[in-house]
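Here are my comments on the model you sent, set out as numbered points. Please read them with the structure open beside you.

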Amino acid sequence: MLDRLVMGEVPRKHHTVLRDAAGKLRYEHCITRAGFEGPYTVAYHERRPQEQSVSEATHGFQLPSSGGLRELERRHYQTFELAPNAGA
């Protein structure tokens, strides 16, 4: 059984309204890797978690650019003709 850790201000029950001291709604965000059968996190945000803004890239790599439009190439992989365990 997993222990419940509580940090910060949270409502008594999940999936209920949580407002700050000024009465502004906090947004709930459920984070999980394998459903709610294992560990998960319920976080509350001041703004909607899906809102995003563009940030500048500060690393030294160039951002990817489009290689232009080109036609799709036809491919036919005859997998039944491969030798057994060819990739192993």
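With which residue does glutamate 73 form a salt bridge, the closest N and O atoms being 3.5 Å apart? The partner is arginine 75, and the first point below places this pair in its setting.

1. The model is a predicted one, and the comments on charge pairing begin with the group around glutamate 73. Besides its salt bridge with arginine 75, where the closest N and O atoms are 3.5 Å apart, glutamate 73 also meets the side chain of arginine 70 in a salt bridge, with an N to O distance of 3.7 Å. Arg70, Glu73 and Arg75 are thereby linked in a network of salt bridges. As for their surroundings, arginine 70 and glutamate 73 are both exposed, and the pair of glutamate 73 and arginine 75 is likewise exposed on both sides.

2. The count of salt bridges comes to 3, and one of them joins the side chains of glutamate 9 and arginine 26, at 3.8 Å from N to O. This pair links distant parts of the chain, since glutamate 9 and arginine 26 are 17 residues apart, although both belong to the segment before strand S1, which spans 27–32. In general terms, side chains of opposite charge can pair when their charged atoms come close.

3. The two members of that pair deserve a separate look for accessibility. Glutamate 9 is partly exposed, its relative accessible area being 44%, whereas arginine 26 counts as buried at 19% relative accessibility. The classification of arginine 26 follows because the limit for a buried residue is under 20% relative accessible area, and a reader who wishes to build on it should keep the value of 19% in view.

4. What does arginine 26 touch, leaving aside its neighbours within four places in sequence? Its contacts are Glu9, Leu18, Arg19, Asp20, Tyr44, His45 and Glu46. Glu9 in this list is the residue whose side chain meets arginine 26 in the salt bridge, and arginine 26 itself is found in the segment before S1.

5. Cysteine 30 lies in strand S1 and is partly exposed, with a relative accessible area of 30%. When residues up to four places away in sequence are not counted, cysteine 30 touches His15, Phe36, Thr41 and Val42. The C-alpha atoms of cysteine 30 and histidine 15 are separated by 9.5 Å, with the two residues 15 residues apart along the chain.

6. Histidine 15, which lies in the segment before S1, calls for a check of its backbone, as its phi is near 65°, a positive value in a residue other than glycine. The side of the question that concerns solvent is plainer: histidine 15 is exposed, at a relative accessible area of 58%.

7. Isoleucine 31 also has its place in strand S1, and with a relative accessible area of 42% it is partly exposed. Leaving aside neighbours within four places in sequence, isoleucine 31 is in contact with Tyr40 and Thr41. Isoleucine 31 and glutamate 51, which are 20 residues apart in sequence, lie 16 Å apart in space from C-alpha to C-alpha.

8. The largest pocket holds about 540 Å³ of space and is lined by 20 residues, of which Arg4, Leu5, Tyr40, Thr41 and Val42 lie nearest its centre. Among these, Thr41 and Val42 are touched by cysteine 30, and Tyr40 and Thr41 are in contact with isoleucine 31. By residue class, the lining of the largest pocket divides into 11 nonpolar, 3 polar and 6 charged residues.

9. How many helices and strands are there in the chain? There are 0 helices and 2 strands. The radius of gyration is 24 Å, well over the 12 Å that the globule rule gives for 88 residues, so the chain is more spread out than a compact globule. Along the principal axes, the C-alpha atoms of the chain fill a box of roughly 65 × 40 × 25 Å.

10. Two further values for the chain as a whole complete this note. Buried residues make up 7% of the 88 residues, and arginine 26 counts as buried. Among contacts between residues at least 6 apart in sequence, 18% join residues at least 24 apart.

Note on methods. Residues are numbered from 1 along each chain as its sequence is written. This is a predicted model: local features need pLDDT of at least 70, side-chain atom pairs count only at pLDDT 80 or more; totals for chains, interfaces and linings use all residues. Side-chain values use heavy atoms; hydrogens and water are left out. A salt bridge is a side-chain nitrogen of Lys or Arg within 4 Å of a carboxyl oxygen of Asp or Glu. Helices (H or I, at least four residues) and strands (E, at least two) are DSSP runs, numbered from the N terminus. Buried means under 20% relative accessible area, exposed over 50%, partly exposed in between (1.4 Å probe, protein chains only). Contact means heavy atoms within 4.5 Å. On a 1 Å grid over the protein atoms alone, a cavity is a set of points where a 1.4 Å probe fits but cannot get out, and a pocket is an open set with protein on both sides within 12 Å along at least five of seven lines; lining residues have an atom within 4 Å of a point. Grid points are joined across faces, edges and corners, and a volume is the space filled by probe spheres set on the points. Ala, Val, Leu, Ile, Met, Phe, Trp, Tyr, Cys and Pro count as nonpolar, Asp, Glu, Lys and Arg as charged, and the others, Gly among them, as polar. The radius of gyration is taken over C-alpha atoms; the globule rule is 2.2 Å times the number of residues to the power 0.38.
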